[in-house]
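Hi everyone, thanks for making time for this. I have a structure to walk you through, so let me put it up on the screen.

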Amino acid sequence: MAAITIRKLPDDAKQRLRMRAAAHGQSMEAEARDILTTALAEPVRADLTWIEQLMAVADEVGGVELEPAAREAYDAPDLTALVDERAVAE
């Protein structure tokens, strides 16, 4: 298992961890491990309220029509020189 060191932990946070660990009948290390594993097991939630707000504004004005971005045709690059250089290097 991996180990970490937490530097510059505020004294009040350490004291609260000590009290919480004592309340749960375990060491500060075990309590910190439980806190981390529990917090990291929760699904990540993204704040999408700004998207909802944007959609509400768009609905108020009757929606928004966006034009698709124009795509320009391009010629594929000639990579034969790179392939030839690799073949010589090997």
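Let's warm up with a question: is arginine 18 buried, partly exposed or exposed? Arginine 18 is partly exposed, because its relative accessible area is 37%. Before I go further, please keep in mind that this is a predicted model.

So where does that arginine sit? Arginine 18 belongs to helix α1. Its C-alpha atom is 9.5 Å from that of alanine 32, a residue 14 positions away along the chain. Both of these residues turn up again in the contact between two helices, so let me show you that next.

The helices in question are α1, which covers 11–23, and α2, made of residues 28–41. Their axes are 9 Å apart, and they pack at an angle of about 95°. The range for roughly perpendicular is 65 to 115 degrees, and α1 and α2 are therefore roughly perpendicular to each other. On the α1 side, the residues that take part are Lys14, Leu17, Arg18, Arg20 and Ala21. They meet Met28, Glu31, Ala32 and Ile35 of α2.

Now for the charged pairs. How many salt bridges does the structure hold? There are three, and I'll take them one by one.

Let me start with the one that links the two helices. The side chains of glutamate 31 and arginine 20 form a salt bridge, at 2.7 Å from N to O. Glutamate 31 is in helix α2 and arginine 20 is in helix α1, so this pair ties together parts that are 11 residues apart in sequence. Here is something to look at on the screen: is glutamate 31 buried or exposed? Glutamate 31 counts as buried, because its relative accessibility is 2%, and the cut-off for buried is under 20%. Its partner, arginine 20, counts as partly exposed at 42%.

The next salt bridge stays inside α1. Aspartate 12 and arginine 16 meet through their side chains, with 3.4 Å from N to O. These two are four residues apart in the helix, so about one helical turn separates them. Aspartate 12 is partly exposed, with a relative accessible area of 46%, while arginine 16 is exposed at 55%.

Then there is the pair within α2. The side chains of glutamate 29 and arginine 33 make a salt bridge of 3.3 Å, again N to O. Here too the partners are four residues apart, in helix α2, so they are separated by about one helical turn. Glutamate 29 counts as exposed at 56% relative accessibility, and arginine 33 is partly exposed with 41%.

While we're on glutamate 29, here is a number for those of you who like distance maps. Glutamate 29 and tyrosine 74 are 45 residues apart in sequence, and their C-alpha atoms are 59 Å apart in space.

Let's move to the nonpolar side of things. Which residues make the nonpolar surface patch? They are Ile4, Ile6, Leu9, Leu36 and Leu40, and the patch has an area of about 530 Å². One of them, isoleucine 4, is placed in the segment before α1. Isoleucine 4 counts as exposed because its relative accessibility is 64%, and the cut-off for exposed is over 50%.

One last stop, and it's a backbone one. Lysine 8 is also found in the segment before α1. What is the phi of lysine 8 near? It is near 60°, a positive value in a residue other than glycine. For context, most residues other than glycine have a negative phi. Lysine 8 is exposed too, with a relative accessible area of 84%.

To wrap up, the picture I'd like you to take away is two helices that are roughly perpendicular to each other, with a salt bridge between glutamate 31 and arginine 20. Thanks for listening, and I'm happy to rotate the view for anyone who wants another look.

How values were computed:
Residues are numbered from 1 along each chain as its sequence is written. This is a predicted model: local features need pLDDT of at least 70, side-chain atom pairs count only at pLDDT 80 or more; totals for chains, interfaces and linings use all residues. Side-chain values use heavy atoms; hydrogens and water are left out. Patches are made of residues with over 30% relative accessible area and no salt bridge: like charges are joined within 9 Å, nonpolar side chains (Val, Leu, Ile, Met, Phe, Trp, Tyr) within 5 Å. Accessible areas come from the Shrake-Rupley method with a 1.4 Å probe; for residues, only the protein chains shown count as cover. A salt bridge is a side-chain nitrogen of Lys or Arg within 4 Å of a carboxyl oxygen of Asp or Glu. Buried means under 20% relative accessible area, exposed over 50%, partly exposed in between (1.4 Å probe, protein chains only). Axes are lines fitted to C-alpha atoms, for helices over the stretch in contact, and angles run from 0 to 180 degrees between N-to-C directions. Angles under 35 degrees count as roughly parallel, over 145 as roughly antiparallel, 65 to 115 as roughly perpendicular and the rest as oblique. Contact means heavy atoms within 4.5 Å.
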